[in-house]
Amino acid sequence: MPAPISIAQRFLNWRTIARLVLFALVVWVILVQVRKADLSSAFLRLQLWYLVPVIFVFSPLGVVLRALRWRVLLPGGERLPLVNYVRAYILGILANSVLLSKFGDLAKAKAICNKEVNYGRSLAVVLIDRLLEAMALLLLFSGVLVTSSL
């Protein structure tokens with residue numbers, strides 16, 4: 001049985017330190033480069049009523065739609081409740097914000113696995129999901145290129 005890893009060993013590694021240094025560098029650049037008058041005027045112009053539908057309607061709707069896409073793409077996924085897909089999607093977002101690269105997608109795939117759905121199928125759906133998102137972005141980019149006067 002391996003010895004338990006302490007909190008200091010787990011979080012004080014070169015990746016965590018590199019992230020903290022990068023975060024401090026970004027904050028420093030923002031504090032140096034952004035004028036306080038511009039920042040305060042931008043916040044004064046902000047109309048909070050525009051944020052309410054984004055926070056309470058569009059963001060949750062986007063999460064549910066992505067969870068539904070996973071449910072449709074995953075063979076045998078219709079047997080799982082939608083709440084499992086929503087949980088897995090939110091877990092994937094959280095893991096992507098903490099882990100390097102796109103390891104949150106692996107966590108999302110693992111969270112969906114059960115007796116009916118194996119990990120290999122979940123990983124295949126991760127790949128298909130990423131490809132669909134890339135195609136949608138390419139379509140949007142193409143539309144911008146066609147309609148812009150560049």
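Visitor: Which residues of α6 meet which residues of α7?

Guide: In this predicted model, D105, L106, K108, A109, K110 and I112 are the α6 residues. Across from them, α7 brings Y119, S122, L123, V126, D129 and R130. Sorted by class, that contact has six nonpolar, one polar and five charged residues.

Visitor: How do you know that those residues "meet"?

Guide: Here the word is about distance: contact means heavy atoms within 4.5 Å.

Visitor: What makes α6 oblique to α7?

Guide: Look at the angle. The axes of α6 and α7, which is residues 119–147, come within 8 Å and cross at roughly 135 degrees. Roughly perpendicular covers 65 to 115 degrees, and roughly antiparallel needs over 145. An angle of roughly 135 fits neither, so α6 counts as oblique to α7. As for the hand, α6 passes α7 in a right-handed crossing.

Visitor: Why is K108 called buried?

Guide: K108 lies in helix α6, residues 103–112. Its relative accessible area is 6%, and buried means under 20%. The value of 6% is under that cut-off, so K108 gets the label.

Visitor: What is K108 in contact with, leaving aside its neighbours within four places in sequence?

Guide: With that sequence stretch set aside, the partners are W70, A88, Y89, G92 and D129. You've already met D129, on the α7 side of the α6 contact.

Visitor: And why is α4 called roughly perpendicular to α5?

Guide: Same kind of check. Helix α4 spans residues 48–73 and helix α5 residues 82–98; their axes come within 9 Å and cross at roughly 110 degrees. The band for roughly perpendicular is 65 to 115 degrees, so roughly 110 puts α4 and α5 in it. The crossing of α4 and α5 is right-handed.

Visitor: Which residues of α4 and α5 meet?

Guide: V63, V64, R66, A67, L68, W70 and R71 do the job for α4, and L82, Y85, V86, Y89 and I90 for α5. By class, this contact has 10 nonpolar, no polar and two charged residues.

Visitor: Which residues touch the most other members of the largest nonpolar core?

Guide: That core has 14 residues, and the ones you're after are W70, L74, L80, Y85, I112 and V117. At least two core residues come from each of α4, α5, α6 and α7, with α5 giving the largest share, four residues.

Visitor: What is L80 in contact with, leaving aside its neighbours within four places in sequence?

Guide: L80 is in contact with R71, Y85, I112, N114, E116 and V117. Among them, Y85, I112 and V117 are also on that list of core residues touching the most other members.

Conventions: Residues numbered from 1 in each chain as written. Predicted model: local features only at pLDDT ≥ 70, side-chain atom pairs only at ≥ 80, totals over all residues. Heavy atoms only, no water. Axes fitted to C-alpha atoms, helices over the stretch in contact; angles between N-to-C directions. Parallel < 35°, antiparallel > 145°, perpendicular 65-115°, else oblique. Left-handed = near helix turned anticlockwise from the far one by under 90°. Nonpolar A, V, L, I, M, F, W, Y, C, P; charged D, E, K, R; others polar. Buried < 20%, exposed > 50% of the residue type's maximum accessible area, 1.4 Å probe, protein only. Core = buried A, V, L, I, M, F, W, Y, C linked by side-chain atoms within 4.5 Å.
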